[in-house]
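User: I'd like to go through this model and check the labels people put on it. Can you walk me through the reasoning as we go?
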Amino acid sequence: MTYDYEYFKKEVLALTSIDLSCYKEKQMKRRIDTLIAKHRIDGYDKYVQGLKTDRELFEEFVSYITINVSEFYRNPEQWKLMDEQVIPELIKRFGNNLKVWSAACSTGDEPYSLVMALSGHIPLASVRIFATDLDKQIIAKAKMGLYNSKSIQAVPAEMKRKYFTQVGPSFKVAEEIKAKVEFKEHNLLKDAYPTNYHMIVCRNVLIYFTEEAKDEVFRKFFKALAPGGVLFIGSTEQIVNYKEIGFERKNSFFYQKPV
C-alpha cells in the first residue's frame, strides 16, 4: 500500500471528521510535512499510527492544522463601519435581542470584540454571542480569555480600560464580557448550521478553503441568516458569486440577505 497524502487525508477524515480535501492542498500539505519533520517521524503511515495512540500528538495536530491567527478588532476600519452603520441598522430592524454567530472564532478575540461593540448600542444584559470553532483546545483558550498586548492593541482605549485587567505581561478580558459568549465545537464543512441569525461573522478562515468548499459555506451562511441579516467576512476574502447565492452587497466585507 502507498502511504501518500491521499491515504493520509482519508485517515484524518476518519479520525477527526476534518476533510483536508476542502483545504488548498499545497499549503496544507506543507504545514503537515513540517509538523511530521518536527517529530522526526518517518512518513504518513507512522504519523497516523502516532495520532491514533498519542493523545498529545493528536491534539497538537488538530490545533496546528486549524489555522488560528486572530486579534481584537482586526481591521479596525471595518469594525468602525459595523459600529456606525451595520449594528444600528440591525437593531432598528430586529430590536435589542440580536442573534449573532461568530463562526470559526479561534481564540475568542472576535466574539469578545463583538460583545464590546454591541455593548455600545444595547445594554450588556441583552448581548449574546454564539461562538464556534473546530478546535476544542482553541475554545479552551478562548474561554480562558487571556491575551498578549499585540492581540488587544486595536481595542478602543475606553473599552481597554473598562474590560481588561493586566496579569503580568498578559491582559485578561472581564468576566462580564466572557459571560456573554457561548462557545461550542463546530465543523463548518460537516456539521448542521444554526438558523435565523441576524449577523454572522466569519473572517480570514475561508481563504484556506478550496473554491468549492468556500461556495458551500457561503451558501450555508445565507440559509442560516434571517431575512435582512448580514454576513461579515475578512479583508482578504470576497464572495465572487454573491448575487447567484442571493446576497446583496452592502460593501466589500458586508453581505446582506434580502428582506
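User: Let's start broad: how many helices and strands does the chain have?

Analyst: Eleven helices and ten strands. Keep in mind that this is a predicted model.

User: What makes the radius of gyration agree with a compact globule?

Analyst: For 259 residues, the globule rule gives a value near 18 Å, and the chain has 19 Å, so the two agree. The C-alpha atoms fill a box of roughly 60 × 50 × 25 Å along the principal axes. As for cover, 50% of the 259 residues count as buried. The chain exposes about 12,700 Å², with carbon and sulfur atoms supplying 50% of that.

User: What share of the contacts joins residues at least 24 apart?

Analyst: Taking contacts between residues at least 6 apart in sequence, 74% join residues at least 24 apart.

User: Why is the pair Tyr47 and Phe61 called edge-to-face?

Analyst: The planes of Tyr47 and Phe61 are 80° apart, and the label needs an angle over 60 degrees. Their centres are 5.9 Å apart, within the 6.5 Å limit for a pair, so edge-to-face it is. Tyr47 belongs to helix H3 (residues 43-53) and Phe61 to helix H4 (residues 55-65), so the pair ties together parts that are 14 residues apart in sequence. Both residues are buried.

User: And why is the pair Trp101 and Phe130 called tilted?

Analyst: Here the angle between the planes is 40°. Stacked needs under 30 degrees and edge-to-face over 60, so this pair falls to the remaining class, tilted. The centres of Trp101 and Phe130 are 6.4 Å apart, again within the 6.5 Å cut-off. Trp101 sits in strand E1 (residues 100-102) and Phe130 in strand E2 (residues 129-133), so this pair ties together parts that are 29 residues apart in sequence. Trp101 and Phe130 are both buried.

User: How many aromatic pairs are there, and which residues do ring pairs link into a cluster with Tyr47?

Analyst: The structure holds 22 aromatic pairs. The cluster consists of Tyr5, Phe8, Tyr44, Tyr47 and Phe61, linked by ring pairs.

User: Which residues of H3 are buried, and what do they pack against?

Analyst: The buried ones are Tyr44, Asp45, Tyr47, Val48, Gly50 and Leu51. They pack against helix H1 (5-16), helix H2 (25-38) and H4.

User: How do you know that the charged end of Lys99 sits over the ring of Tyr197?

Analyst: The distance to the ring centre is 4.6 Å, and the limit is 6 Å, with a further condition of 35 degrees from the ring normal. The charged end of Lys257 gets the label too: it sits over the ring of Phe222, 4.9 Å from the centre.

User: Phe183 next. What makes Phe183 buried?

Analyst: Its relative accessible area is 13%, and buried means under 20%, so the label fits. Phe183 lies in strand E6 (residues 181-185). Setting aside residues up to four places away in sequence, Phe183 touches Cys105, Gly108, Pro111, Tyr112, Ala131, Ile139, Ala142 and Lys143. The C-alpha atoms of Phe183 and Phe130 are separated by 6.3 Å, though the two residues are 53 apart along the chain.

User: And why is Ser17 called partly exposed?

Analyst: Ser17 has a relative accessible area of 26%. Buried would need under 20% and exposed over 50%, so the in-between label applies. Ser17 lies in the loop between H1 and H2. Leaving out residues up to four places away, Ser17 touches Val12, Asn187 and Lys190. From Ser17 to Asp191, 174 residues along the chain, the C-alpha separation is 9.7 Å.

User: How do you know that E9 and E10 pair?

Analyst: Strand E9 (residues 248-251) and strand E10 (residues 254-256) share three bridges in the antiparallel sense. At least two bridges are needed, so they pair. Arg249 stands opposite Tyr255 in E10, and a hairpin through two residues joins E9 to E10.

User: Last one: what makes E3 and E4 edge strands?

Analyst: Three strands form an open antiparallel sheet in the order E3-E5-E4. Strand E3 (146-147) and strand E4 (164-167) each pair on one side only. E4 is joined to strand E5 (residues 170-173) by four antiparallel bridges, and Val167 has Ser170 in E5 as its bridge partner.

Note on methods. Residues are numbered from 1 along each chain as its sequence is written. This is a predicted model: local features need pLDDT of at least 70, side-chain atom pairs count only at pLDDT 80 or more; totals for chains, interfaces and linings use all residues. Side-chain values use heavy atoms; hydrogens and water are left out. Rings of Phe, Tyr and Trp (its six-membered ring) pair if their centres lie within 6.5 Å; planes under 30 degrees apart count as stacked, over 60 as edge-to-face and the rest as tilted. Buried means under 20% relative accessible area, exposed over 50%, partly exposed in between (1.4 Å probe, protein chains only). The radius of gyration is taken over C-alpha atoms; the globule rule is 2.2 Å times the number of residues to the power 0.38. Contact means heavy atoms within 4.5 Å. Accessible areas come from the Shrake-Rupley method with a 1.4 Å probe; for residues, only the protein chains shown count as cover.
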